Amino acid sequence: MRHQLKTQIFHIICVFAFSTSLFLSSCKEPAPIASEADQKAALENGYLAHEGYRRSIYFVHAWLEYADKKSGLIPRNLRESIDIWNARDAAADNYPFMVLTSAILDKELYEGKMSEILQTEIKLTSRLDRLPDTYSFSKEGFENQKIDKKEIIFGSSEYIKDGLLPLTEYIGHTAWSERMIDLIDDIWKNASYETPYGLIPSLNVEVNGELLQALSRVYWMTGDEKYLDWAKRLGDYYLLGGHHPTDDVEILRLRDHGCEIVSGLCELYVAVANSDQEKSAAYKAPIYRMLDRILEVGTNEDGLFYNQINPQTGEILDEEIADTYGYTYNAYYSVFLQDNYQPYQKAVLKAMGNLHKYTNFDWEEGSADGYADAIESALNLYNRESLAGTKEWIDSEIQRMWSLQDSSHRRNTEKFRNTGVIEGWHGDGNFARTSIMYSLWKSQGVTASPWKEQLYLGAIPMEDGILISMVSDKDWDGKIKFDHKRHQSIFKLPMDYPRINQLPEWFTVDKGKKYRVTFSKGQTANTYSGVELMEGIEISLEKGHQVSIIVSPSEK
């Protein structure tokens, strides 16, 4: 039933809010009221969230235009590798964020084309057991005649960490999470490198760092001890066995394609600290030595990481600044959360406090991917430490990143201007990943179903709740859905430590609690369970009419 607010009933204390379908439940509990300034701020966030969503779905549709006509798989890039789909790039960096975007914005596309691509990928590319190999569209078969086990395991680890983990983080148990588990199992089935601690699947620090991250989370998600046992093999190899990242090596990369080992080992440390006190005690000193040495010789005066160092001599091997600084600081903050070791929190705060010096910074020779990783880094840390300067920096830099979708000014990208494609390579997916992260921040995790390009939904925190403002350029009927503590319900983690490619949690509801939903300026209210808010409450919007909603825990 739809209720219209009419001028002749203004004298009634409790009325129905304009353009909602909710019944008034009580007038006894004091109704929160949002100021016009707060409502305006929330709606401004809605315009920003809308921009991120619009650009992300534009990217998805643009890339689908280049999908192979027969298989439906997307190519590695739109230049020299337009004939192949591969695991480490197409599957890991681009396709998953097409899935994520569709899951939020286009249910039909998500359940249709995105699901079909997964099933096709499994059918056509699985080669070493269920592990994928590079597939050629023109050959309608594998690109390489011979099996390269190292490359297959590398590509599979990339697919897991960069693609399937973040999908599982947000959408939970699906065919994509099952694919992730299958790949992990078969990587370890094919482990062939002998160590004093048992067989491991690779000697590559990037691969093993990625596996440490995946295993540490999947252990909690499944409760299966084998995943923690495999992770501890790698932990023993690096922390106890003469392959320590700072004690025993002369080259340590502190950007992606190397820094994964640092955060991976720290994720394992958090896991054993909450499950195996003996192993935690054994790992603690080498973990701290690693982190302390990196801070000592691996950061500039602003606390940001150099690309590459010699941790033994302290020599800076690549003085460029890592756009993925947050990937490594995730490790520091996780150990801080676990042990309350405040010097690591201070290191994070120092770097965040200096980000304003890196406005319009050239992270990767003008690449949108560089901006995407730098903004992702800041968002994940801002979720834990809400510095005003960091917020301003993120808001500034997202505009710079978005502009690159329009300009395509990098060499050999001119043909993509105003098409939705960003730069025509697999890194385009990270543009969508970070845009989605940003948009979810601006809506405090609240999403609309169905999403329409004419709809604007934003939110701001208010005490222990949030204020949501919505408006639509056309009449809209649908639901707004609220986020929940996904780190508990999906991965069952002991705490919400920061993780690479995580979709941070902002305002979350608890299934077992009640929440008061107040419309307009205290005019209509109702009480809902957390489950009902997660499933979505129905909203009706009339064209051009703004509706504001305050959601907070109920006092009842």
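How much space lies in the second largest pocket? In this predicted model, the second largest pocket holds about 610 Å³ of space, and before its lining is described it helps to look at the chain that surrounds it.

The chain contains 16 helices and 18 strands, and its C-alpha trace spans about 80 × 55 × 45 Å along the principal axes. A compact globule of 556 residues would have a radius of gyration near 24 Å, and because the chain has 24 Å, the two agree. Of the 556 residues, 62% count as buried, and among contacts between residues at least 6 apart in sequence, 71% join residues at least 24 apart. Helix α8 (residues 260-273) is mostly covered, with 14 of its 14 residues buried. At 1.5 Å a residue, the 14 residues of α8 should span 20 Å, and since its end C-alpha atoms are 20 Å apart, the expectation is met.

To return to the second largest pocket, its lining is made up of 33 residues, and those nearest its centre are Arg-255, Asp-256, His-257, Glu-364 and Asp-369. By class, this lining divides into 20 charged, 7 polar and 6 nonpolar residues. At least two lining residues are supplied by each of α2, α4, α6 (205-222), β8 (316-321), α12 (368-382) and α14 (428-442), and the largest share, 4 residues, comes from α4.

The largest pocket encloses about 830 Å³ of space, and of the 30 residues that line it, Ala-103, Tyr-170, Ile-171, Thr-447 and Lys-481 are the closest to its centre. Its lining has 13 nonpolar, 8 polar and 9 charged residues. Among the elements that each supply at least two residues of this lining are α1, α2, α3 (107-125), α4 (149-171) and β9, and α2 gives the most, with 4 residues.

The cavities, from which a 1.4 Å probe cannot get out, form a separate group. There are 3 cavities of 30 Å³ or more, and about 100 Å³ of space lies in the largest cavity. Two or more residues of the lining of the largest cavity come from each of α1 (36-64), α2 (87-105), β9 (447-449) and β10 (455-462), with α1 giving the most, 4 residues. This cavity is lined by 14 residues, of which Tyr-53, Ala-448, Trp-451, Leu-455 and Leu-457 lie nearest its centre. The lining of the largest cavity comprises 10 nonpolar and 4 polar residues, with no charged residues.

Conventions
Residues are numbered from 1 along each chain as its sequence is written. This is a predicted model: local features need pLDDT of at least 70, side-chain atom pairs count only at pLDDT 80 or more; totals for chains, interfaces and linings use all residues. Side-chain values use heavy atoms; hydrogens and water are left out. On a 1 Å grid over the protein atoms alone, a cavity is a set of points where a 1.4 Å probe fits but cannot get out, and a pocket is an open set with protein on both sides within 12 Å along at least five of seven lines; lining residues have an atom within 4 Å of a point. Grid points are joined across faces, edges and corners, and a volume is the space filled by probe spheres set on the points. Ala, Val, Leu, Ile, Met, Phe, Trp, Tyr, Cys and Pro count as nonpolar, Asp, Glu, Lys and Arg as charged, and the others, Gly among them, as polar. The expected span of a helix is 1.5 Å times one less than its number of residues. Buried means under 20% relative accessible area, exposed over 50%, partly exposed in between (1.4 Å probe, protein chains only). The radius of gyration is taken over C-alpha atoms; the globule rule is 2.2 Å times the number of residues to the power 0.38. Contact means heavy atoms within 4.5 Å.
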